[in-house]
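Trainee: Could you take me through one part of this protein slowly, as if I were seeing a structure for the very first time? I'd like to look closely at one end of the chain and then see how it fits with the rest.

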Amino acid sequence: MPSEIILIAAISADGYIARNSKDDISWSRDKALFKEQTFGFPIIMGPKTHNIIGKNLPGRENIIVFRHDSIKSVLDKIHNEKCFIIGGEKTFTRFSDYLTHLYLTVHPLIFGDGIPLFHNLDSEIILEKIDSIPIPNTNRIFQDQYKVCR
Ligand SMILES: NC(=O)c1ccc[n+]([C@@H]2O[C@H](COP(=O)([O-])OP(=O)(O)OC[C@H]3O[C@@H](n4cnc5c(N)ncnc54)[C@H](OP(=O)(O)O)[C@@H]3O)[C@@H](O)[C@H]2O)c1
């Protein structure tokens with residue numbers, strides 16, 4: 001199992017990852033950083049996210065996780081030191097017990113409703129902020145990096 005299991009997401013200022021389950025992530029401003037950070041590492045996603053992206057992302061092992069897959073078995077098969085969980089909400093929630101880091105880019109948008117980062121977590125997650133990286137060519141949009149404290 002990787003020693004770093006990193007959730008990476010773009011979120012609205014009110015904590016949503018999408019307006020609805022068909023919404024794509026065209027509003028995200030951190031795609032270049034996402035590519036740089038995930039390149040060469042396995043990326044794990046749910047089937048809806050894979051369909052919305054519409055292809056495998058190049059230069060990374062694309063792992064699609066279905067309803068009946070065991071999360072531990074998926075992670076145990078990965079031999080890289082890190083992997084990224086890239087969405088959507090159902091997949092973030094299913095991997096929540098295994099996350100070691102969260103990389104969240106808060107965008108200056110309020111959706112008012114939509115798909116949250118997590119849904120019905122069994123317990124709260126306590127985080128320690130470890131870094132904040134400016135997104136190039138934006139007006140003070142940052143990727144906030146957190147370590148999960150258990
Ligand atoms: N802002 C961001 O950074 C970001 C990133 C990624 C995605 N998104 C957005 O997230 C949205 C999709 O999120 P999502 O949560 O609907 O999709 P998802 O996690 O990509 O995939 C959901 C699918 O996972 C399977 N699944 C696995 N465990 C499940 C469970 N316990 N209960 C139900 N289904 C389960 C189901 O497919 P099977 O029944 O076929 O197994 C389900 O249809 C899209 O709008 C996308 O744009 C945003």
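**A close look at β9 and its surroundings**

Mentor: Let's start with one pair: Pro-134 has Phe-142 in β9 as its bridge partner. Keep in mind that what we're looking at is a predicted model. Pro-134 belongs to strand β8, which covers residues 126-134 and is joined to β9 by 8 bridges, with the two strands running antiparallel. Further along this pairing, you'll find Leu-127 opposite Val-148 of β9.

Now stay on β9 and look for another partner. Strand β6, residues 101-107, is also antiparallel to β9, which spans residues 142-149, and 5 bridges hold this pair together. Here Leu-102 stands opposite Tyr-146 of β9. So far, then, we have β9 paired with β8 and also with β6. One handy thing to remember while you trace strands: in a regular strand, side chains alternate between the two faces of the sheet.

How many residues of β8 are buried? The number is 0 out of 9, so β8 lies largely in the open.

Next, the loop from β8 to β9. Arg-140 sits in this loop. Its phi is positive, about 60 degrees, even though Arg-140 is not a glycine. That's worth a second glance, because most residues other than glycine have a negative phi. Arg-140 counts as exposed because it has 7 C-beta neighbours inside 10 Å.

There's another case on the other side of β8. Asn-120 is in the loop between β7 (115-116) and β8, and its phi is also positive, near 55 degrees. Asn-120 has 6 C-beta neighbours inside 10 Å, so Asn-120 counts as exposed too.

Phe-118 is found in that loop between β7 and β8 as well. Is Phe-118 exposed, partly exposed or buried? With 15 other C-beta atoms within 10 Å, Phe-118 is partly exposed, since being buried would take 20 or more. Leaving out neighbours within four places in sequence, the contacts of Phe-118 are Glu-89, Phe-92, Thr-93 and Ser-96. The C-alpha atoms of Phe-118 and Arg-94 are 9.0 Å apart, with their positions 24 residues apart along the chain.

Those contacts lead us to helix α4, residues 89-94. Just before α4 comes Gly-88, in the loop from β5 to α4. The peptide bond between Gly-87 and Gly-88 is cis, with omega at about -5 degrees. Most peptide bonds are trans, so keep an eye on that spot.

Gly-87 and Gly-88 also turn up at the ligand. They're among the closest of the 24 residues that surround the ligand, along with Ala-18, Gly-46 and Arg-67. The elements giving two or more residues to that shell are β1 (4-12), β2 (16-18), α2 (47-53), β5 (82-87) and α4. By type, the shell has 11 nonpolar, 6 polar and 7 charged residues.

From β5 we can step into the interior. The largest nonpolar core holds 25 residues, and the ones with the most contacts inside it are Ile-8, Ile-44, Phe-84 and Ile-85. Two or more core residues come from each of β1, β2, β3 (43-45), β5 and β6. The largest share is from β1, with 6 residues. Notice that β6 is on that list, and β6 is the strand we met earlier as a partner of β9. For a feel of the core, take Ile-44: beyond its neighbours within four places in sequence, its contacts include Ile-63, Val-65, Phe-84 and Ile-85. As a general habit, nonpolar side chains in soluble globular proteins tend to be buried together.

Finally, zoom out. The protein has 4 helices and 9 strands, in the order β-β-α-β-α-β-α-β-α-β-β-β-β. The strands we began with belong to the run of β at the end of that pattern. Buried residues make up 27% of the 150. Among contacts with a separation of 6 or more, 72% are between residues 24 or more positions apart. The C-alpha trace spans about 40 × 35 × 30 Å along its principal axes. The radius of gyration is 14 Å, which agrees with the value near 15 Å that a compact globule of 150 residues would have.

Key
Residues are numbered from 1 along each chain as its sequence is written. This is a predicted model: local features need pLDDT of at least 70, side-chain atom pairs count only at pLDDT 80 or more; totals for chains, interfaces and linings use all residues. A residue is near a molecule or strand if its C-beta atom, placed from the backbone, lies within 6 Å of it. Ala, Val, Leu, Ile, Met, Phe, Trp, Tyr, Cys and Pro count as nonpolar, Asp, Glu, Lys and Arg as charged, and the others, Gly among them, as polar. The radius of gyration is taken over C-alpha atoms; the globule rule is 2.2 Å times the number of residues to the power 0.38. A residue is buried if 20 or more other C-beta atoms lie within 10 Å of its own, exposed if 12 or fewer, and partly exposed in between; C-beta atoms are placed from the backbone. Two residues are in contact if their C-beta atoms, placed from the backbone, lie within 7 Å. Two strands pair if DSSP finds at least two bridges between them. A nonpolar core is a set of buried Ala, Val, Leu, Ile, Met, Phe, Trp, Tyr and Cys residues joined through C-beta atoms within 7 Å.
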